[in-house]
Each structure stands twice: as C-alpha cells, then as structure tokens.
Amino acid sequence: DVCSSDLETLCAGAVAFNVDLEHYGVQIPVMPNNWEHYVGIEFSRVGEAVDRLTADPSRLGTIAERGREWALLNYSPRRMAERLLAAVGFSDPAITR
C-alpha cells in the first residue's frame with residue numbers, strides 16, 4: 001500500500017516508485033494515477049517500465065511535480081483529518097472548511 005515514506009517522497013517532489021497499485025488491488029481513499037503521480041511497476045513487466053523511462057527520461061520531472069500536487073491535495077494532515085472525521089460521522093462545518 002501507499003505508506004508514509006511514499007507520501008514523503010511525493011511531497012518532497014521526487015518520483016515515487018512502487019508496485020502498480022491498481023494492478024495489485026491496493027485501495028486507498030484517493031488513488032494516484034500510475035505514470036501521472038507515481039511510477040507503478042508490475043513485477044512481470046519491469047523491463048517495459050525501464051524501457052518507457054529510458055525512452056523519455058524527461059517525463060520524470062512531470063511525474064514528480066504532479067505527484068507532489070496530488071499528495072498535498074489529498075494526503076495533507078488536514079485532508080486526512082477531514083476524512084477521518086467524516087468517517088466517524090463528525091460534521092462540524094467550522095472544522096471541515
């Protein structure tokens with residue numbers, strides 16, 4: 001799953017390499033898009049990912065930038081607290097604005 005080190009990587013503006021979350025059935029409240037927010041790799045297709053990166057290494061900067069934006073928008077402490085409060089039925093508009 002997406003752990004804190006992945007989020008730290010994304011927030012730092014670096015490219016996160018992980019398993020292909022969707023392919024391996026990982027579910028988190030807000031899913032990142034593979035090859036847009038992170039580089040997800042299927043174990044049986046590692047060579048394809050390497051070839052894709054080798055063919056266009058400039059895409060890493062774009063993935064890093066989009067990944068950082070996604071992480072800050074969806075997994076900042078405030079957003080995570082808002083989801084937790086909503087999950088337990090707390091809906092004070094003064095807190096969730």
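These notebook entries record what I looked up in a predicted model of one chain.

**Entry 1: fold elements.** I began with the secondary structure and noted four helices and two strands in the chain. Reading from the N terminus, I wrote down the order of elements as α-β-β-α-α-α.

**Entry 2: dimensions and burial.** I then looked up the extent of the chain along its principal axes; the C-alpha atoms fill a box of roughly 50 × 25 × 15 Å. The chain has 97 residues, and I found that 31% of them count as buried.

**Entry 3: contacts.** I asked what share of the contacts with a separation of 6 or more comes from residues 24 or more positions apart. The value I noted for the chain is 47%.

**Entry 4: surface and charge.** For the exposed area of the chain I recorded about 6200 Å². Carbon and sulfur atoms supply 56% of that area. I also looked up the charges, of which 9 are positive and 14 negative. Their mean positions lie 7 Å apart.

**Entry 5: a nonpolar patch.** Which residues make the nonpolar surface patch of about 310 Å²? I listed Leu-84, Val-88 and Phe-90. I followed Phe-90 further and placed this residue in the segment after α4, the helix spanning 77–87.

**Entry 6: exposure of Phe-90.** Why does Phe-90 count as partly exposed? Its relative accessibility is 37%. Buried requires under 20% and exposed over 50%, so a residue in between is entered as partly exposed. I therefore entered Phe-90, at 37%, as partly exposed.

Terms used:
Residues are numbered from 1 along each chain as its sequence is written. This is a predicted model: local features need pLDDT of at least 70, side-chain atom pairs count only at pLDDT 80 or more; totals for chains, interfaces and linings use all residues. Side-chain values use heavy atoms; hydrogens and water are left out. Patches are made of residues with over 30% relative accessible area and no salt bridge: like charges are joined within 9 Å, nonpolar side chains (Val, Leu, Ile, Met, Phe, Trp, Tyr) within 5 Å. Accessible areas come from the Shrake-Rupley method with a 1.4 Å probe; for residues, only the protein chains shown count as cover. A salt bridge is a side-chain nitrogen of Lys or Arg within 4 Å of a carboxyl oxygen of Asp or Glu. Buried means under 20% relative accessible area, exposed over 50%, partly exposed in between (1.4 Å probe, protein chains only). Contact means heavy atoms within 4.5 Å. Lys and Arg count as positive and Asp and Glu as negative; His and the chain ends are not counted. The place of a charge is taken as NZ of Lys, CZ of Arg, CG of Asp or CD of Glu.
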